[in-house]
Amino acid sequence: MSSRYEELDSLRGLAALIVLIGHYMMIYPSYASYRYDSSSPFIFYLFKETPLRLFFSSGNESVILFFVLSGFVLYLSINNAKFHYPTYLIKRVFRIYLPYLVAIIIAILAKMLLSHNDMPFISNWFSKSWTVSDTPALLLQHLLFIGSYNTDAYNNVIWSLVHEMRISIIFPVLIFLFIRKKFKYSLFWFIFLSFSSTMVLYLFGSNLNITSSLLSFHYITIFLLGAILAKYRHDLFNYTSKMKKTVKIVVLMIAFICFMYEGIIGEVDLLNNYIFRDYVVSCGVCIFMIISISSLKLSSLLRSKALTFLGKISYSLYLYHLISLFSFMYLFYDKLPTGLILMFSFFFSFLLSSLAYVFVEKPCMNLGSYITRRKKPVTEISVNPEPVKRKKIG
């Protein structure tokens with residue numbers, strides 16, 4: 001298996017941070033209900049339709065980055081002579097599900113203890129969470145992590161984890177079927193599956209739940225794009241590393257444009273639908289990944305201690321930032337200014353995520369590795385003494 005690419009961990013950490021910032025901005029009603037053709041406050045226009053969008057409004061794009069990265073990493077794990085499906089599956093459960101389970105239990109308890117009905121209106125987005133009744137069916141659905149259910153009830157980021165876990169289970173089969181030896185065949189299957197999933201969503205996707213299996217079909221193609229990138233990574237990295245500096249800058253600018261595609265296109269319905277947008281963003285993500293490793297300066301920046309640490313806690317940051325946000329809003333809404341609450345919640349999110357990484361996430365990964373560790377066969381040792389050399393007679 002190839003060595004770990006720390007640059008990609010850092011990209012994941014930056015994406016988790018962007019998701020956090022976007023969710024914190026959703027507290028403000030004018031931001032949460034922003035429309036490209038409406039007269040919204042100028043500050044929100046800057047956050048939505050200018051390069052500032054990269055930092056303040058790229059939450060959905062960051063999830064696409066997570067999916068491409070997952071396809072890349074899973075391919076490296078699966079395309080290995082020592083690959084063992086039960087081992088792979090157990091490690092994925094311990095990597096994704098167990099930390100999720102701890103986080104969702106904490107979210108449920110925090111909601112039960114802190115939420116109250118007299119909370120004033122903040123934004124429609126905020127009102128989707130921590131306001132529904134705690135029914136046994138809803139609790140069981142969250143704990144079992146299966147089916148289509150209200151993922152906004154306690155921690156609305158978990159919708160992506162449902163797809164992540166679902167796709168991870170079948171991904172080895174997908175790799176075997178659709179990632180072929182020759183690039184043209186891999187590309188053919190990617191295009192075929194992308195077209196098929198798009199047609200299915202156009203025909204049957206008008207009232208889909210966010211965790212629908214049809215959406216998983218769409219996201220499978222995003223995972224496969226990451227797998228194709230992983231398969232041909234060496235050629236791509238070598239080719240890009242030989243580019244001139246100016247060419248790399250131009251290519252990187254193209255990646256930024258792809259990543260901010262929604263804000264650039266605005267209200268052009270034909271082009272700004274989530275299916276087409278996901279593929280444009282995925283292309284930008286692939287360029288980011290290639291440049292981040294093949295460019296010495298960018299690679300060095302992404303390998304800095306601060307960004308690698310952010311990469312380490314990225315999953316926990318993704319899981320816990322909304323728990324922190326909702327808790328602080330319910331505790332201090334009528335006591336402190338909203339901006340100050342967001343600031344305190346921001347720092348607490350990092351503290352909570354760091355603790356969760358050390359005491360939940362890392363032990364779960366270690367436990368998964370321990371359980372799947374295969375005992376090496378004991379070498380047979382002969383108990384017979386060395387044969388005695390016979391002396392010649394005569």
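**Figure 1. Salt bridge between lysine 111 and aspartate 134.** In this predicted model, the side chains of lysine 111 and aspartate 134 form a salt bridge with an N to O distance of 3.0 Å. The pair links distant parts of the chain, 23 residues apart: lysine 111 belongs to helix 6 (residues 85-114), whereas aspartate 134 sits in the loop between helix 7 (124-127) and helix 8 (136-144). The two partners are also described by their accessibility. Lysine 111 counts as buried because its relative accessibility is 6%, and aspartate 134 counts as partly exposed because its relative accessibility is 31%. Side chains of opposite charge can pair when their charged atoms come close. A search of the whole structure finds eleven salt bridges.

**Figure 2. Salt bridge between glutamate 262 and arginine 53.** The side chains of glutamate 262 and arginine 53 meet in a salt bridge, at 2.9 Å from N to O. Glutamate 262 lies in helix 14 and arginine 53 in helix 4 (residues 53-56), so the pair ties together parts that are 209 residues apart in sequence. Helix 14 itself comprises residues 261-265. The same two side chains are joined by a polar contact of 2.9 Å. Both glutamate 262 and arginine 53 are buried; for glutamate 262, this assignment follows because its relative accessibility is 15%, under the 20% limit for a buried residue.

**Figure 3. Salt bridge between arginine 12 and aspartate 9 within helix 1.** The side chains of arginine 12 and aspartate 9 form a salt bridge of 3.1 Å, N to O. Because they are three residues apart in helix 1 (residues 6-25), arginine 12 and aspartate 9 are separated by about one helical turn. An α-helix has 3.6 residues a turn, so residues three or four places apart point the same way. Both arginine 12 and aspartate 9 are buried.

**Figure 4. Surroundings of tryptophan 130 in the loop between helix 7 and helix 8.** Tryptophan 130 has a phi near 65°, a positive value in a residue other than glycine. Most residues other than glycine have a negative phi. Tryptophan 130 counts as buried because its relative accessibility is 2%.

**Figure 5. Buried and exposed residues of helix 12.** Which residues of helix 12 (residues 233-241) are buried? The buried residues are Arg233, Phe237 and Thr240. They cover an arc of only 70° around the axis, which puts them on the same side of helix 12. The face turned away from this buried side carries the exposed residues Asp235 and Tyr239.

**Figure 6. Nonpolar surface patch that includes phenylalanine 195.** Phe195, Met199, Tyr202, Leu203 and Phe204 form a nonpolar patch on the surface. Together these residues have about 610 Å² of accessible area. Phenylalanine 195 lies in helix 10, which comprises residues 183-204. This residue counts as exposed because its relative accessibility is 55%, and the limit for an exposed residue is over 50%.

**Figure 7. Cysteine 258 and its nearest cysteine sulfur.** A search of the whole structure finds zero disulfides. Cysteine 258 is accordingly in no disulfide, and the nearest cysteine sulfur, that of cysteine 283, is 6.0 Å away. A disulfide requires two cysteine sulfur atoms within 2.5 Å. Cysteine 258 counts as buried because its relative accessibility is 15%. Another cysteine, cysteine 364, is buried with a relative accessible area of 12%.

**Figure 8. Aspartate 278 in helix 15.** Aspartate 278 has its place in helix 15, which comprises residues 274-294. Is aspartate 278 buried or exposed? Aspartate 278 is buried because its relative accessible area is 6%. The C-alpha atoms of aspartate 278 and leucine 317 are separated by 23 Å, and these residues are 39 residues apart along the chain.

**Figure 9. Overall setting of the close-up views.** The secondary structure of the protein comes to 19 helices and zero strands. Along its principal axes, the C-alpha trace spans about 115 × 50 × 45 Å. Of the 394 residues in the protein, 49% are buried.

How values were computed
Residues are numbered from 1 along each chain as its sequence is written. This is a predicted model: local features need pLDDT of at least 70, side-chain atom pairs count only at pLDDT 80 or more; totals for chains, interfaces and linings use all residues. Side-chain values use heavy atoms; hydrogens and water are left out. Helices (H or I, at least four residues) and strands (E, at least two) are DSSP runs, numbered from the N terminus. Buried means under 20% relative accessible area, exposed over 50%, partly exposed in between (1.4 Å probe, protein chains only). A polar contact is a pair of N or O atoms within 3.5 Å; within protein, one must be able to donate a hydrogen and the other to accept it, and residues adjacent in sequence count only if both atoms are side-chain atoms. Patches are made of residues with over 30% relative accessible area and no salt bridge: like charges are joined within 9 Å, nonpolar side chains (Val, Leu, Ile, Met, Phe, Trp, Tyr) within 5 Å. Accessible areas come from the Shrake-Rupley method with a 1.4 Å probe; for residues, only the protein chains shown count as cover. A salt bridge is a side-chain nitrogen of Lys or Arg within 4 Å of a carboxyl oxygen of Asp or Glu. The arc is that of the directions from the helix axis to the C-beta atoms.
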